[in-house]
Amino acid sequence: MWFSLLNQSFPKPIGVSEFRKAMRSFPASVSIVTTGSQGTRFGMTASSVTGLSDSPASLILCVNREASSHEALARCRVFAVNLLNENNADLAEKFSSAPQSERFVDSRWKEGPFGLPMVADGAQVFCCTKNDVVEAFSHSIIVGTIFGVEGNCPNALLYRDGAFARCTGLINK
């Protein structure tokens, strides 16, 4: 039985435009992922962060290898995932388009463990050690073990269909 599966041809993946259109339907939380090295800070907006395991507490982050922060995140030993609230949409915009040199210029940042840049207001921050980097197609999947969580984010910023959205309330809480 299993041998017959080996001889089957599998369907081809959908095209890029069809994939992107379909993925825009997924509402996703919005984070700014940060790291730093020798006084230089790096950061990027991310909507591809998800929990991996509770033992040990860990998460994964998918980063396009063309992203300006990719190299810093792939080489770092620690990084922070700043889960943004609905009042931080301007930061998300800045970290998705501004040059690295302009991303940390305002006073909304504080220094966390190991010098990690952390959003000072309105975010829940997950501090992580990097465990692994797995290359997959155009992206790197960065695996991090969470060594600290700070803050609270009751009104997480969401992204869907090319726009920011707010979570208007929970069902069945």
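**Strands, pockets and salt bridges in a predicted model**

In strand β1, A28 stands opposite Y159 of β11. This pairing is a good place to start a walk through the structure, which is a predicted model. Strand β1 covers residues 28-29, and two bridges join this strand to β11, the two running antiparallel. On β11, Y159 also has a bridge partner in β12, namely F164. The pairing of β11 with β12 (residues 163-166) is again antiparallel and extends over four bridges. Together β11 and β12 make a hairpin, with two residues between the strands. One residue in the turn, D161, has a positive phi of about 55 degrees.

The turn residue D161 leads on to the charged side chains. Side chains of opposite charge can pair when their charged atoms come close. In this model the count comes to seven salt bridges. In one of them, the side chains of R24 and D161 meet, with a distance of 3.4 Å from N to O. R24 sits in the loop between α2 and β1, while D161 sits in the loop between β11 and β12, so this pair ties together parts that are 137 residues apart in sequence. Are these two residues buried, exposed or partly exposed? R24 has a relative accessibility of 41% and therefore counts as partly exposed. D161, at 47%, is partly exposed too.

A second salt bridge joins E150 to K110, where the closest N and O atoms are 2.3 Å apart. This pair also links distant parts of the chain, since E150 belongs to strand β10 and K110 to strand β7 (residues 109-111), 40 residues apart. E150 is partly exposed at 35% relative accessibility, and K110 is partly exposed at 32%.

A third pair stays within one helix. R75 forms a salt bridge with E71, and their closest N and O atoms are 3.9 Å apart. Both residues lie in helix α3, four residues apart, which is about one turn of the helix. R75 has a relative accessible area of 63% and is exposed, whereas E71, at 45%, is partly exposed.

The next topic is the pockets. Rolling a probe the size of a water molecule over the atoms shows where empty space is left. The largest pocket has a volume of about 1600 Å³. Its lining is made up of 38 residues, and those nearest the centre are F19, M23, S47, S48 and H139. Which element supplies the largest share of this lining? That element is α2, with four residues. At least two lining residues come from each of α2 (16-23), β3 (40-46), β5 (57-64), α4 (89-97), β10 (139-151) and β11 (157-160). By type, the lining of the largest pocket has 20 nonpolar, 12 polar and six charged residues.

The second largest pocket has a volume of about 260 Å³. Among the residues that line this pocket are F42, F114 and T129, along with E71 and R75. Two or more lining residues come from each of β2 (31-37) and α3 (70-75). The lining of the second largest pocket divides into five nonpolar, four polar and three charged residues.

A last look goes to helix α4, whose buried residues are L91, A92 and F95. These residues cover an arc of only 100 degrees around the axis, so they lie on the same side of α4. The same helix is among the elements that give at least two residues to the lining of the largest pocket.

Key:
Residues numbered from 1 in each chain as written. Predicted model: local features only at pLDDT ≥ 70, side-chain atom pairs only at ≥ 80, totals over all residues. Heavy atoms only, no water. 1 Å grid on protein atoms, 1.4 Å probe; cavity = no way out; pocket = protein on both sides within 12 Å on 5 of 7 lines; lining within 4 Å. Points joined across faces, edges and corners; volume = space filled by probe spheres on them. Nonpolar A, V, L, I, M, F, W, Y, C, P; charged D, E, K, R; others polar. Buried < 20%, exposed > 50% of the residue type's maximum accessible area, 1.4 Å probe, protein only. Arc of directions from axis to C-beta. Pairing = 2+ DSSP bridges. Salt bridge = Lys/Arg side-chain N within 4 Å of Asp/Glu carboxyl O.
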